[in-house]
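Colleague: Please take a close look at the nonpolar core and explain what it is made of and how it sits in the chain as a whole.

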Amino acid sequence: MKENIIKALKTIVGSDYVLTNKDQTASYLYDEVEEAYRPKANIDSIVIKPKNTQDVSQIMKLANENKIPVVIRGGATGLCGGCTPVEESFVLSMERMNGILEIDRKNMVAVLEAGVTLMDLLEELEKSNDLSFPVHPGDEGAQMGGMAVTNAGGARAVRHGVMRKHIMGVEAVLPNGEILELGGKLVKNNAGYNLMQLLLGSEGTLAVITKIVLKIYPKDFYSATIVAPFENFEDACQAVMDILKNGNLPLAVEYMDKHLFVGTAEMLGLEWQAKKGNADLLIILSEKNERQLYEACKEINEICEKNHSYETLYAGKAKEQQELLLIRSQHYEYIKETICDSFDMAVPVSEVPAFIKDLKMLVREYDTNTNVIAHIADGNVHNDILYLEDGTVPSYASELKQKMYDICFSYGGTITGEHGIGKIRTKDLTLQKSPVELELMQGIKKVFDPNNIMNPKTVLM
Ligand SMILES: Cc1cc2nc3c(=O)[nH]c(=O)nc-3n(C[C@H](O)[C@H](O)[C@H](O)COP(=O)(O)OP(=O)(O)OC[C@H]3O[C@@H](n4cnc5c(N)ncnc54)[C@H](O)[C@@H]3O)c2cc1C
């Protein structure tokens, strides 16, 4: 990076907040994608830490004038290489823009700088003891800006939907440095094209999000977790559909292959209590009062029984529930050494049983296996390709991936339900989208970012 550019950056944010030394920048290059399939970072990239929107605006102007790529780094919890700079870039780390600007109880919104982490927000809401925010993508280090532009989902999407449902307004800085205010505290707003919604899910390729107006909610005080073991996966899936059809909206309905529940529990020094059956559901309920919780548990139990579940296990105490959740959330630690690629496909809920059955049959043709973990009530299925026993990536990996996608498409599915395209699925996107749709996306990108400086090689090739 040229000296005059570094000097200009230091004038904008102060010399302490421009990192050029490779020992310092090394920890700002990657996200949570496994080493085997993550994009390779350009190590000559430099890190800049803006303090406010004006800083961001000036940095973007400088980058645009000099056609320098800019990659925004949020909490780096992403799972598709979105915040990895693959060209010599400005890496804009949002960590200093972490102000909780307002908790507006009258309108039930929070106004937050983009670098506020989910953990920061939850801690702030906890202080008032009666407020909550539901979207939980599994890692509380994720920042509001990152969650917004990846349109994060997570286990609770079954009841609360994904991030775009909860964002009412954003402040954003365009690649040329212009500052935009989109949306706000309005509940209804139909004026013109909805540019805010276009930025949500744009993975840092159109603009930098600097502020967010986020809906917040009254807290539920009563919760319970049910483990429902089934002999057959098909019965478990039918129970999920019946639960939803019945109008029950659990906070989360999660599925993992039985060996993952058992093995992860063992790894954590715990024991998976559901001994019978081959297909267990973890159903988390959360209600305003005890009576509603009791009713919901009763109805869900009945539905599971009707679908041939073994006796369901009920956890009501906070500690028991936390243990179950821990087992669900730590499965990745249990398998991560054995997987060389992982997926985030989604299909219509009714197609989940056939989809998973086909995936399992397909991997058998290659004499291998695949772990299935699913936000099952959303039809969002995570599975993987395993390393060979000698620790190498199998030669059939890309062929197998293509076949998995083909199955997904045959059920009307998508290659990513929640993690996004990032840099690892740009080629795959062309398998799913028509040329016309891709052309429209490219056109939109050009309007926002004519010099292609915003996170190049992300979403679109
Ligand atoms: C254990 C684990 C479990 C997870 N489970 C889920 C899950 O269930 N559901 C789910 O949806 N996700 C899940 N994730 C993925 C991840 O948490 C989300 O993608 C998260 O929303 C990313 O936020 P971040 O701040 O970490 O963004 P980063 O990883 O830093 O960046 C992600 C993308 O957003 C861009 N970006 C970041 N901040 C901004 C900004 N202010 N303005 C413009 N662009 C920006 C980056 O350039 C990049 O393209 C999980 C991750 C982990 C590690």
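Modeller: The core comes before the chain as a whole. This is a predicted model, in which local features need pLDDT of at least 70 and side-chain atom pairs count only at pLDDT 80 or more, while totals for chains, interfaces and linings use all residues. Residues are numbered from 1 along each chain as its sequence is written, and side-chain values use heavy atoms, with hydrogens and water left out.

A nonpolar core is a set of buried Ala, Val, Leu, Ile, Met, Phe, Trp, Tyr and Cys residues joined through side-chain atoms within 4.5 Å; buried means under 20% relative accessible area with a 1.4 Å probe, protein chains only. The largest such core has 56 residues, and Phe 90 and Met 144 touch the most other members. At least three of its residues come from each of domain 1 (3-95) and domain 2 (100-218), with bounds from an automatic or database domain assignment. Neighbours within four places in sequence aside, the contacts of Phe 90 (heavy atoms within 4.5 Å) include Met 1, Ile 5, Leu 9, Pro 69 and Val 71. A second, separate core holds 54 residues, among them Ala 279, Ile 376, Tyr 405 and Cys 408.

In soluble globular proteins, nonpolar side chains tend to be buried together. Across the chain, 53% of the 461 residues are buried. Of the contacts with a separation of 6 or more, 73% join residues 24 or more positions apart. Along its principal axes, the C-alpha trace spans about 70 × 60 × 45 Å.

How values were computed:
Buried < 20%, exposed > 50% of the residue type's maximum accessible area, 1.4 Å probe, protein only.
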